[in-house]
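Me: Please pick one part of this structure and go through it closely with me. I'd like the packing, with each cut-off spelled out as it comes up.

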Amino acid sequence: PDLYYYGEGLRLGVELEIDGGGESHEKASFINGILGWEEAYCMHDGSLNDGFEIATAPMSLEYHTSIKQRYVDAFYAASKLGYRSHDTNTCGIHIHLDRSFFGRDRRTQNLKATYMALIIERNWADIVKFSRRSYGRMDQWARNKKLSGDIYHSDTEDEAAHKFGNKYDDGDKYVMLNTNHSHTYELRLFRGTLKPTTYFATLQFVDNLARVAQECPSLAKAQQI
């Protein structure tokens, strides 16, 4: 589909996997129609058993929130059609962040992504709890590459960013912060859900996390958060 951008500033593009109700064009069209044909689309996902993936356009948190009732209605319809997301072994929520939000040049973008990775890793136990996944599922779908253990107080920002690249920019997409996309960073931390309150809490968390990383003034501060 044509790509539309909604809202200003940080925009989040969501991939929500749902399973168990059939990879059905008719059901996908029904759910897509509720969400809006320009705001979302449905597509095949090879990791699912009998479902599909719902992908949104890049939208600010404010815009996502402005269409909250559509999400409520679409999630309710999906549940009634037999789909599940949390109660599966296959489904996740993947959230893409504009690289450009973190800076105009690639060096700055990678440095801020380094900060974000450090913040996540250093708060791993709490984030695993918030993700609603087990440690085993995290290792399967969203690995922690343990960058924080390789960063030293004597490291410069460029050295830290280089180490981040060695850990997270190696072509493996099954990591908690996927760098394989040229225009986005992808957070793969979260278990799927068709519960609106959980879905929006996840978006709020990611929006805040990105802003904390973007505003973080130094490597030393990132290691303290």
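Reply: Let's start with H4 and H8, whose crossing is right-handed: the near helix is turned clockwise from the far one by less than a right angle, while anticlockwise would make it left-handed. This is a predicted model, where local features need pLDDT of at least 70 and side-chain atom pairs count only at pLDDT 80 or more, while totals for chains, interfaces and linings use all residues. Residues are numbered from 1 along each chain as its sequence is written, and side-chain values use heavy atoms, with hydrogens and water left out.

H4 covers residues 106-122 and H8 covers residues 196-215. The labels come from DSSP runs numbered from the N terminus: helices are H or I with at least four residues, strands are E with at least two. The axes of H4 and H8 come within 8 Å and cross at roughly 125°. Those axes are lines fitted to C-alpha atoms, for helices over the stretch in contact, and the angles between N-to-C directions run from 0 to 180 degrees. H4 and H8 are therefore oblique to each other. The bins are under 35 degrees for roughly parallel, over 145 for roughly antiparallel, 65 to 115 for roughly perpendicular, and oblique for the rest.

Who meets whom? On the H4 side you have Lys112, Tyr115, Met116, Ile119 and Ile120, and they meet Leu209, Ala210, Val212, Ala213 and Gln214 of H8. By class, this contact has 8 nonpolar, 1 polar and 1 charged residues. Contact here means heavy atoms within 4.5 Å. For the classes, Ala, Val, Leu, Ile, Met, Phe, Trp, Tyr, Cys and Pro count as nonpolar, Asp, Glu, Lys and Arg as charged, and the others, Gly among them, as polar.

Now stay on H4 and look at H7, residues 157-168. H4 and H7 pack at an angle of about 70°, with axes 9 Å apart, so the two are roughly perpendicular. H4 brings Arg107, Asn110, Leu111, Ala113, Thr114, Tyr115, Ala117 and Glu121 to this contact, and H7 brings Glu157, Asp158, Ala160, Ala161, Phe164 and Tyr168. That mix splits into 8 nonpolar, 2 polar and 4 charged residues. Tyr115 of H4 turns up here and also in the contact with H8.

Threonine 114 is worth a stop while you're on H4. This threonine is buried, at a relative accessible area of 0%; buried means under 20%, exposed over 50%, and partly exposed in between, using a 1.4 Å probe and protein chains only. Setting aside residues up to four places away in sequence, threonine 114 touches Leu147, Ala160, Ala161 and Phe164.

Back to H8, this time for its meeting with H3. H3 and H8 pack at about 135°, with their axes 10 Å apart. That makes H3 oblique to H8. The H3–H8 crossing is right-handed. From H3, the residues are Lys68, Tyr71, Val72 and Phe75, and they meet Pro196, Tyr199 and Phe200 of H8. This contact has 6 nonpolar residues, no polar ones and 1 charged.

H3 runs over residues 68-80 and also holds alanine 78. Alanine 78 is buried, at 1% relative accessibility. Neighbours within four places in sequence aside, alanine 78 is in contact with Ile18, Ile31, Tyr83 and Leu194. Its C-alpha is 49 Å from that of aspartate 155, 77 residues apart along the chain.

Next, the loops around H6. Most residues other than glycine have a negative phi. Arginine 132, in the loop between H5 (124-131) and H6 (135-141), has a positive phi of about 70°. Lysine 146 has a positive phi too, near 60°, and sits in the loop between H6 and H7. At 56% relative accessibility, lysine 146 is exposed.

Last, the cysteines. A search of the whole structure finds 0 disulfides, meaning pairs of cysteine sulfur atoms within 2.5 Å. Cysteine 42 is in no disulfide, and the nearest cysteine sulfur, in cysteine 91, is 13 Å away. Cysteine 42 is partly exposed at 22%, whereas cysteine 216 is buried at 3%.
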